[in-house]
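Biologist: I'm new to this one, so could you walk me through it? I'd like to hear the reasoning behind the labels.

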Amino acid sequence: MPLPPKLAAYLQKLAAHAPLTYEELPPAEVRRLSAASMLAREAPPEVIAQVEDRSIPGPAGPLPVRVYTPEGQPPFPALLRFHGGGWVAGNLDTPDAGCRQLANEAGCVVVSVDYRLAPEHKFPAAAEDCYAATCWVAANSARIGVDKARLAVGGDSAGGNLAAAVCLMARDRGGPPLVFQLLVYPITDHSFDTESYRANAQGYLLTRERMEFYWNAYLSSAADGRHPYASPLRAPDLRGLPPALVITAEFDPLRDEGEAYAARLREAGVAARVSRWDGMIHAFFSMGAVIEETRLVRSEAARALRAAL
């Protein structure tokens, strides 16, 4: 399916400028530029009943989170939301519009987590932060109006990777029972040999070179990339994990590994559905100022959350 005209025009505009070489920039500048780009392509955030920034205990000190509460009577189900950005960039502001829409449409509390970033904090720092936040919500559910029996995790790209990792960690460690995982074009394998990597290596916002940069920043060694909490697709056993919705995009290098993870989940007896959006690229879940499909795909995610929770 061809790119929609608005999306094609957006990519042409980006191509008219020299591509940024993140490898040559300090991490703080990478984060500034990345956040500016993410926010510029998002729609204005919608109104929600309550938004509260909190600081909770993390493995290495205070961990910032943002709690979105919709209209209604608590206790609510809850989604732990982990932002994208290649484990290197992203913050509580970059996924704000999507968090608000998910909370309003799914009727759930959304807890967005500002986990530690690479390269200063290598694997498994981000995963441990996200798991700690999940445990905190379960242990303190009454304080934020949440029903701890109805917890889900989710995220996009690196955030999808972290959500999948948290599901594995919760199962392996006897952690909070999770009822759903929302994986939006998740990173699932430290590998670059899929057909979607070959077909979509350049020209569709996320490139193979950018993914290599992200993985190099996140990992201390190639051996870390084989760990299931870094590469969930390599987990030897996926039994006992929560049901999943895996959203993928046709022109995304990560398309095939996301769909392969859903297939592995199904083979392990886990209910997992793939929703491939033809004509879309990586990051389309957060491009509300550019394309109409962003609101539509977030509504699909919200419906799945509402049904699961």
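Modeller: Sure, starting with a definition: two strands pair if DSSP finds at least two bridges between them. Keep in mind that this is a predicted model.

Biologist: What makes S2 and S4 a pair?

Modeller: Four bridges join S2, residues 61-69, to S4, residues 109-113. The cut-off is at least two bridges, so S2 and S4 count as paired. The two strands run antiparallel, and Val67 stands opposite Val111 in S4.

Biologist: Where do they sit in the sheet, and why are S1 and S8 at its edges?

Modeller: The order is S1-S2-S4-S3-S5-S6-S7-S8, in an open sheet of eight strands with mixed pairing. S1 (50-58) and S8 (272-281) each have a single partner strand, so one side of each is left without a neighbour in the sheet. From one strand to the next, the twist averages 20 degrees.

Biologist: Why are H3 and H10 called oblique to each other?

Modeller: Helix H3 (residues 96-106) and H10 pack at an angle of about 45 degrees, their axes 8 Å apart. Angles under 35 degrees count as roughly parallel, and roughly perpendicular begins at 65. The angle of H3 and H10 falls between those limits, so they are oblique. Their crossing is right-handed.

Biologist: How do you know whether Thr294 is buried or exposed?

Modeller: Thr294, in helix H10 (residues 293-308), has a relative accessible area of 0%. Buried means under 20%, so Thr294 is buried. Among the residues Thr294 touches are Phe284, Phe285 and Met287.

Note on methods: Residues are numbered from 1 along each chain as its sequence is written. This is a predicted model: local features need pLDDT of at least 70, side-chain atom pairs count only at pLDDT 80 or more; totals for chains, interfaces and linings use all residues. Side-chain values use heavy atoms; hydrogens and water are left out. Axes are lines fitted to C-alpha atoms, for helices over the stretch in contact, and angles run from 0 to 180 degrees between N-to-C directions. Buried means under 20% relative accessible area, exposed over 50%, partly exposed in between (1.4 Å probe, protein chains only). Contact means heavy atoms within 4.5 Å. A crossing is left-handed if the near helix is turned anticlockwise from the far one by less than a right angle, and right-handed if clockwise. Lists of a residue's contacts leave out its neighbours within four places in sequence.
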